[in-house]
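Good morning, colleagues. Please take a moment to look at the structure on the screen before I begin.

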Amino acid sequence: MNSNIKEDPIWDQIQNEGRIQMEQEPILASFLHRVILRHPSFEQALAYLLAGKLEDQTLDATTLMEVITECFSEDPGIALKSRKDIEAVASRDPACDYFAQPLLFFKGYHALQSQRISHQLWHTGRKMLALYLQSRISEVFAVDIHPAAKIGEGILLDHATGIVIGETAEIGDDCMMYHGVTLGGTIWDKIKRHPTLKDGVVIGAGAKILGPITLGNNVRVGSNSVVVKSIDDNCTVVGIPGRVLEQKVDDSDKFDFYAVSTSGDESDPTVKAVKSIIEHLADIDKQLDKVSNAFCVSEEQEKIDSAVDGENK
């Protein structure tokens, strides 16, 4: 399929990068030609790449490419979100040196775009095929995202291994997750049971967000935290269970700092309490030293006085 976008700077950039990389690494020339340079549009290149990764004995690459292309035609917004995701990776991930890199190599990007296809299938009534794709995505990329989950644009799944996102989860725009994140449920009823993330949320590696709670705009969750309560906009939460730090987010572009932060931050109320106890114990030690020194001085003085009294006698 050809893109409906008349000007497509991201696709133009990716093709230019493909030509440059072909010259720099001739051994991958056929790969770059097959995945990027021979395709007339971003949509066709992405459909080809995903189909090749997800094919199996049941669904061959040709059939999958037809399915993916049909989804792009039904909802052109899917490919627009895919472009925004590439921009997000290129701008936030220091390991990404060029726009073609996530398209070619980043499994977090591949898993997310595959889920966008399964999501379209789910909402057009093709739920069996959507679930089949979910299973393949989990097998191929080690990322398990339910087809019904609602995901915005400009999303970065960094490393991505072990990410789990449940059926009723909702993710806003410009969010970022590291590997091992879970957006899970805490109840078995068929109702809203998974978290909602508003725009700009960053979740560190291994963190668990559980239940039908809401993380506000620009919330940061420290690595390995467990969050079970809703969090207001611009807050940072760390620990098990998650505790909100007193200091709020000042710069929404500082993704990595909050994603890897731990409860060792001095604005953490628990850390403050422990620090206060340690300072109090140190003060007690100083007072005991004074008393002990005074007692020792008193004993020495008694010995001197006793010796003087003996001589006088």
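Is Phe105 buried, partly exposed or exposed? I should say at the outset that this is a predicted model. Phe105 has a relative accessible area of 46% and is therefore partly exposed, since buried means under 20% and exposed over 50%.

I turn next to the aromatic pairs, which number 2. One of them joins Trp11 and Phe42 in an edge-to-face arrangement, with 6.3 Å from centre to centre and 75° between the planes. Trp11 belongs to helix H1, residues 9–24, and Phe42 to helix H3; they stand 31 residues apart and link distant parts of the chain. Both Trp11 and Phe42 are buried.

Phe105 itself pairs with Phe31: the ring centres are 6.2 Å apart and the planes lie at 25°, so this pair is stacked. Because Phe31 sits in helix H2, residues 29–37, and Phe105 in helix H6, residues 100–105, the pair ties together parts 74 residues apart in sequence.

Let us return to helix H3. Its axis and that of helix H5, residues 77–92, come within 10 Å and cross at roughly 80°; H3 and H5 are therefore roughly perpendicular to each other. At this contact, Phe42, Glu43 and Leu46 of H3 meet Ala79, Ser82, Arg83 and Ile86 of H5. These residues comprise 4 nonpolar, 1 polar and 2 charged.

Finally, the core. The largest nonpolar core contains 75 residues, and Ile14, Ile203 and Leu215 are among those with the most contacts inside it. Helix H3, residues 42–54, gives the most to this core, with 8 residues. Ile203 touches several residues distant by more than four places in sequence, including Met177, Leu183 and Val221.

Key: Residues numbered from 1 in each chain as written. Predicted model: local features only at pLDDT ≥ 70, side-chain atom pairs only at ≥ 80, totals over all residues. Heavy atoms only, no water. Core = buried A, V, L, I, M, F, W, Y, C linked by side-chain atoms within 4.5 Å. Buried < 20%, exposed > 50% of the residue type's maximum accessible area, 1.4 Å probe, protein only. Helix = DSSP H or I, 4+ residues; strand = E, 2+ residues; numbered from the N terminus. Contact = heavy atoms within 4.5 Å. Axes fitted to C-alpha atoms, helices over the stretch in contact; angles between N-to-C directions. Parallel < 35°, antiparallel > 145°, perpendicular 65-115°, else oblique. Nonpolar A, V, L, I, M, F, W, Y, C, P; charged D, E, K, R; others polar. Phe/Tyr/Trp six-rings, centres within 6.5 Å; stacked < 30°, edge-to-face > 60°.
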